[in-house]
Structure formats: C-alpha cells, structure tokens
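Hi,

Here's the structure I said I'd send over. My notes are underneath.

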Amino acid sequence: MHDHLLSLPKSDLHRHLEGAVRPATIADICRDRGVPLPTYDPDELAKIVQLSGQVADLGEFLIPFRTIKMCFTDREAIARIAFEAVEDAHLDNVSYVELRFSPEFMAFYYKLALTDVMDGIVEGIETAARRYPGTTAKMIVSISRDLSEETMRMPWPTPIELARLALDYADRGVVGLDIAGRERGYPPELFIDPFRICREAGLGITAHAGEDAGPESVRGAIESLGATRIGHGVRVVRDPEVVALVRDRGVYLELCPTSNVLTRAVESLESHPVRYLYDAGVPITINTDDPTVCNVTLTHEYELLMERFGFTPGEIGGLVAASEVAAFGRD
Ligand code: HPA
Ligand code: ZN
C-alpha cells in the first residue's frame, strides 16, 4: 500500500515552509555562515527540530522553530530552503503544494527586508519548477497572529502591511492569506481588515482555527474572515452547530493527523475525528503541516488513514481529488 500511496500524485494544501527545512540544511547553512548551533550533526540536530512525541499544547509544539529560524540568514539561504521544500514534495509525488510561511518570522532574527524573504522563496520555487516541471508550488502568506511590536519589543510589520505584501506578490505565486501561531488569545476577529483586503483582491482565504482554541474560533474564521478553508479545525466536533456550519458552507478542513496529535489538538490518534467528519459530509483534505517537525510525509499521512481509520483506496482517491478542488492556485 505504501508504494501505491507514494506513486499517487497528491496535493498538500497545508505545509509550513519553516517546518519543512531539512535538518541537514539547517546545519549546513549555519555552519557556512558561522551561526552557532548546539550541534551541526544532522542526526543530532534532527532531535532538536523534530518532536519525539505529543506535547502539552501548540505553544510547546512551536519551540523547535526557535532553532529553525537560525537558518533564515539571507536571501540565498531562503532560496535554497524553498527549492528543497519543492524537491521534497516531488520526491513524495506531491505534484501540487501550497507552501505557507510567515514573512515577518523569517525576516526578524537577521533583520532581513520582507522583500528579501519573498524574493528568496520565489527564486527557490522558480528554480525547482525548472528542475521538476511536474511539481507546482504556490505560496500562502501566514500572518503570525501572536507576534507584534508589543510581544516582540521591536519594530514589527502590521497585519495590514503583511496583507499588502501578499498582494504585491500575487503575480509571483502568492495565492492565499492565513493566520498561524498561538491561537488562544489571538482570535480571528483581530484580523478582519487584512483579510478583507486580500479577499476582495481575489486571494484565497484560510486560517488556523480549532487547533488550539475551540469551535468559536472556526466560526470566527468563517464569518469574520471569509475563510473557505480552515487549518486543522478538529475542535469543531465540540459544537454540532459549527460542524453544520462548516459542512453547509462547503468549507474545507485542512487536517494534518500527525500534527494534530503532537499539538494535542486531539488527545490521541484513535480519537482523531477524521473518520467522523468524513462520514458527516464535512469537506476535508489531508496535509502534513510541518514535515520536519512532525517527521512525516504526505504519503505517511494517507497511510495512517488506511491503516488506522479504515479508509478504502476509493475513499483515498476521493480525498486526493478533494485537495485538487480545494487548491487556491491551480490554473
Ligand atoms: N499551528 C499554528 N502555527 C503553526 C503551526 C500550526 O500547526 N505550524 C507551524 N506554525
Ligand atoms: Zn499549520
């Protein structure tokens, strides 16, 4: 079954570029630039940037990104990272991937211009498109909802500025806007204006919701931001009215089974509502979230569905097709 799922052309709609950097590349870039790391041994570094098991909450899940950010040193490094992310998608037969990233998170540590981050990613994706013409990568700008001038104690771009940045790159591969980062205390309603600007200009709208907070966060993302896709959304099951809202509006949940267990969005894999949501007619897609941090491939996530949730090959085919329909950037 592994070989069948591997060979199937798949789409990943929820993959963070920051969470997709190869450990060996973090080591390489940092060693090259003289950036100190606890170790430059890729296997030892993997133990730091990959979670070994379930953590307390999303905040703890995000700790590896403190190390990962050390490799966003310059535009060239970022281009390499983006290129390799597409190469890794290609190696897993992911023929369409939406890479999401937080430009301000990738820029802040080395005080890069936001345009250096954007241009580096565009360059990496364009190089990969020439090398792997069967693999298409698009970009989603993810505003870090919990990072701001107040929380970071340094000059920081506003959500509106980030929305405009996303629009500036709509002709170079940006197809959507997202909010990510710690969800509790940072509800969707804080981001109405940036999402309106992007929605009115035709960008796709998704938002992390119902991962670390409850169903009200999913309702807010749909009703206040106009989200047609929801990052994770697994906690909708706590409110049948929100399950019905998602189903009736045809909003796609971007489920990431392994990540959902690691972040404790669900208590265990056994209690993951993927089968329940599917059977209830809620539109779902299957994704990786952070291939490095979660140590997964998209093939592996589909394998879980078959082996642990009894999805048939026909049902898997339907889910793969659903991801193609839900994509923001397929021409
Ligand atoms: N949720 C919120 N922020 C993130 C995630 C996630 O799953 N992965 C990387 N940043
Ligand atoms: Zn995510």
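The shell around ligand 1 (residues with a heavy atom within 4 Å of it) splits into five nonpolar, four polar and three charged residues, with Gly counted as polar. Among them are L58, F61, L62, F65, E211 and H232.

This is a predicted model: local features need pLDDT of at least 70 and side-chain atom pairs pLDDT 80 or more, while totals for chains, interfaces and linings use all residues. Residues are numbered from 1 along each chain as written, chains are lettered from A and ligands numbered from 1 in written order, and side-chain values use heavy atoms, without hydrogens or water.

Polar contacts here are N or O pairs within 3.5 Å. Nitrogen atoms of ligand 1 pair with a side-chain atom of D290 at 2.9 Å, a backbone atom of G181 at 3.0 Å and a side-chain atom of H16 at 3.2 Å. The protein covers 95% of the 260 Å² that ligand 1 has accessible on its own (Shrake-Rupley, 1.4 Å probe).

H16 also turns up at the zinc ion (ligand 2), whose protein donors are H14, H16, H208 (NE2 in each) and D289 (OD), 2.1 to 2.2 Å away; donors are N, O or S atoms within 2.8 Å, and water isn't included, so the site may look incomplete. Their sequence spacing is H-x1-H-x191-H-x80-D.

Cheers

Note on methods
A polar contact is a pair of N or O atoms within 3.5 Å; within protein, one must be able to donate a hydrogen and the other to accept it, and residues adjacent in sequence count only if both atoms are side-chain atoms. Donors are N, O and S atoms within 2.8 Å of the metal (3.2 Å for Na, K and Ca); water is not among the atoms, so sites may look incomplete.
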